[in-house]
Amino acid sequence: VVMSATVSTSVGAPTHGFTRDKVLAKLEKVNSTQASIETASMWFMHYRENAQECAECWLQQLNAASTKQLLPLIYVANHVLQQSRRQAPEYLNHLGVAVAKGLNPAFSKMNAKDRKSVERVMAIWEQRRLFKADFTEKLRSELGATASSKEAITVEQFLRAVADLKPSEDARKVDQDVKAVPDEYYDTTFTTSCESKEEAEEKLAQLNAVARLLAQHKGHLLGELDAAEEMNRVTTRMVSTMSTKAQKLTQLVSACHANAQQLRAVNELVNEQRSKLLSQMPREAKRSVAPDTGAQGPAKRAAP
């Protein structure tokens with residue numbers, strides 16, 4: 001990958017405490033919140049002397065991630081690349097290589113909404129000239145081909161979508177906590193019966209905690225809705241794929257029947273011509289002609 005600026009590919013001595021397992025563990029926890037994306041990005045910048053290994057770990061996690069985590073991981077890469085222009089130019093090279101390898105496969109697994117978000121990220125890279133024009137043009141060409149293709153859904157993609165439908169442990173816990181919130185917190189008179197400033201502040205803190213819990217619950221519900229929409233898209237593609245294959249099999253069977261009929265017609269014509277030739281031959285010549293065992297069955301043995 002040739003970048004828009006001269007980038008040094010030399011990597012300094014590894015940062016103390018760096019391990020690939022730490023990077024992967026951090027990336028596995030990345031979610032769609034701004035705080036999570038910025039935290040992972042800051043962690044990458046801290047280990048910029050290990051830029052190549054960090055980029056390789058990012059690609060590894062991108063290839064293994066669920067469909068819900070693909071876009072957040074791309075946001076992490078975008079955040080790192082934006083900062084790399086001034087703080088860590090080595091990432092432009094190494095993370096650029098990882099993006100070139102992993103972006104299109106990840107894009108092929110995304111729903112339409114996430115694909116539009118990726119296209120917006122690409123537009124930012126082009127506007128700020130993070131990479132050379134031919135690099136981004138090639139990426140866009142690959143993404144465009146993926147978006148317009150009608151490639152059959154794979155079993156792996158279908159099973160991944162099914163797995164994404166299952167709520168996470170955190171989502172189940174938040175759901176239980178929401179159900180455990182007392183009804184009085186939803187009563188409009190909850191704060192009107194305060195007799196002191198301290199009591200009012202305590203109730204306000206409780207309401208803020210409930211509001212944060214409900215916001216978390218809403219985020220999980222939106223995530224589940226996205227997963228359901230993705231499952232619907234994948235299922236539709238799977239049905240379309242199976243229908244296409246069934247049509248092809250039906251056409252193949254019809255072609256086989258047609259070929260069989262043609263072969264029978266040819267065989268009958270050959271036998272008819274053979275019979276005519278035999279009827280016109282002298283009796284002595286007929287004896288030297290081998291019997292037709294293909295169409296007429298095995299020749300009868302002469303009586304002893």
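Start by selecting two sets of residues: Ala51, Gln52, Cys54, Ala55, Trp58, Leu59, Leu62 and Asn63 in α3, and Glu90, Tyr91, His94, Leu95, Ala98, Val99, Lys101, Gly102, Leu103, Ala106 and Lys109 in α5; these are the residues through which the two helices meet. Contact here means heavy atoms within 4.5 Å. By class, this contact has 12 nonpolar, four polar and three charged residues. In that tally, Ala, Val, Leu, Ile, Met, Phe, Trp, Tyr, Cys and Pro count as nonpolar, Asp, Glu, Lys and Arg as charged, and the others, Gly among them, as polar.

A word on what is on your screen: this is a predicted model, where local features need pLDDT of at least 70 and side-chain atom pairs count only at pLDDT 80 or more, while totals for chains, interfaces and linings use all residues. Residues are numbered from 1 along each chain as its sequence is written, and side-chain values use heavy atoms, with hydrogens and water left out.

**The helix pair**

Now show α3 (residues 51-64) and α5 (residues 90-109) as cartoons. Their axes are 8 Å apart and the packing angle is about 5 degrees. The axes are lines fitted to C-alpha atoms, for helices over the stretch in contact, and angles run from 0 to 180 degrees between N-to-C directions. The two helices are therefore roughly parallel to each other, a label for angles under 35 degrees (over 145 is roughly antiparallel, 65 to 115 roughly perpendicular, and the rest oblique).

**Zoom out**

Show the whole protein chain next: it has 11 helices and zero strands. Helices (H or I, at least four residues) and strands (E, at least two) are DSSP runs, numbered from the N terminus. Of the 304 residues in the protein chain, 31% are buried; buried means under 20% relative accessible area, exposed over 50%, and partly exposed in between (1.4 Å probe, protein chains only). If you colour by contacts, consider those with a separation of 6 or more: residues 24 or more positions apart account for 74% of them. Switch on the surface, and about 19700 Å² is exposed, with carbon and sulfur atoms supplying 54% of it. Those areas come from the Shrake-Rupley method with a 1.4 Å probe; for residues, only the protein chains shown count as cover.

**Salt bridges**

How many salt bridges does a search of the whole structure find? There are three, each a side-chain nitrogen of Lys or Arg within 4 Å of a carboxyl oxygen of Asp or Glu.

- Select Glu56 and Arg20, whose closest N and O atoms are 3.0 Å apart. This pair links distant parts of the chain, with Glu56 in helix α3 and Arg20 in helix α1 (residues 20-28), 36 residues apart. Glu56 is partly exposed at 36% relative accessibility, and Arg20 is partly exposed at 31%.
- Go on to Glu126 and Arg140, with closest N and O atoms 2.9 Å apart. Here Glu126 in helix α6 is linked to Arg140 in helix α7, 14 residues apart. Glu126 has a relative accessible area of 31% and is partly exposed; Arg140, at 32%, is partly exposed.
- Finish with Lys276 and Glu272, where the closest N and O atoms are 3.7 Å apart. Both lie in helix α10 (residues 197-280), four residues apart, about one turn of the helix. Lys276 is partly exposed at 42%, and Glu272 is partly exposed at 40%.

**A buried leucine**

Select Leu81 in helix α4 (residues 67-84). Is Leu81 buried or exposed? Its relative accessible area is 0%, so Leu81 is buried. Leaving out residues up to four places away in sequence, Leu81 touches Tyr91, Leu92, Leu95, Trp125, Leu130 and Phe131. Draw a C-alpha to C-alpha distance from Leu81 to Trp125 and you should read 8.9 Å, for residues 44 apart in sequence.

**Last stop: a loop residue**

Centre on Arg129, in the loop between α6 (112-127) and α7 (133-148). Most residues other than glycine have a negative phi. Arg129 has a positive phi of about 55 degrees although it is not a glycine. At 64% relative accessibility, Arg129 counts as exposed.
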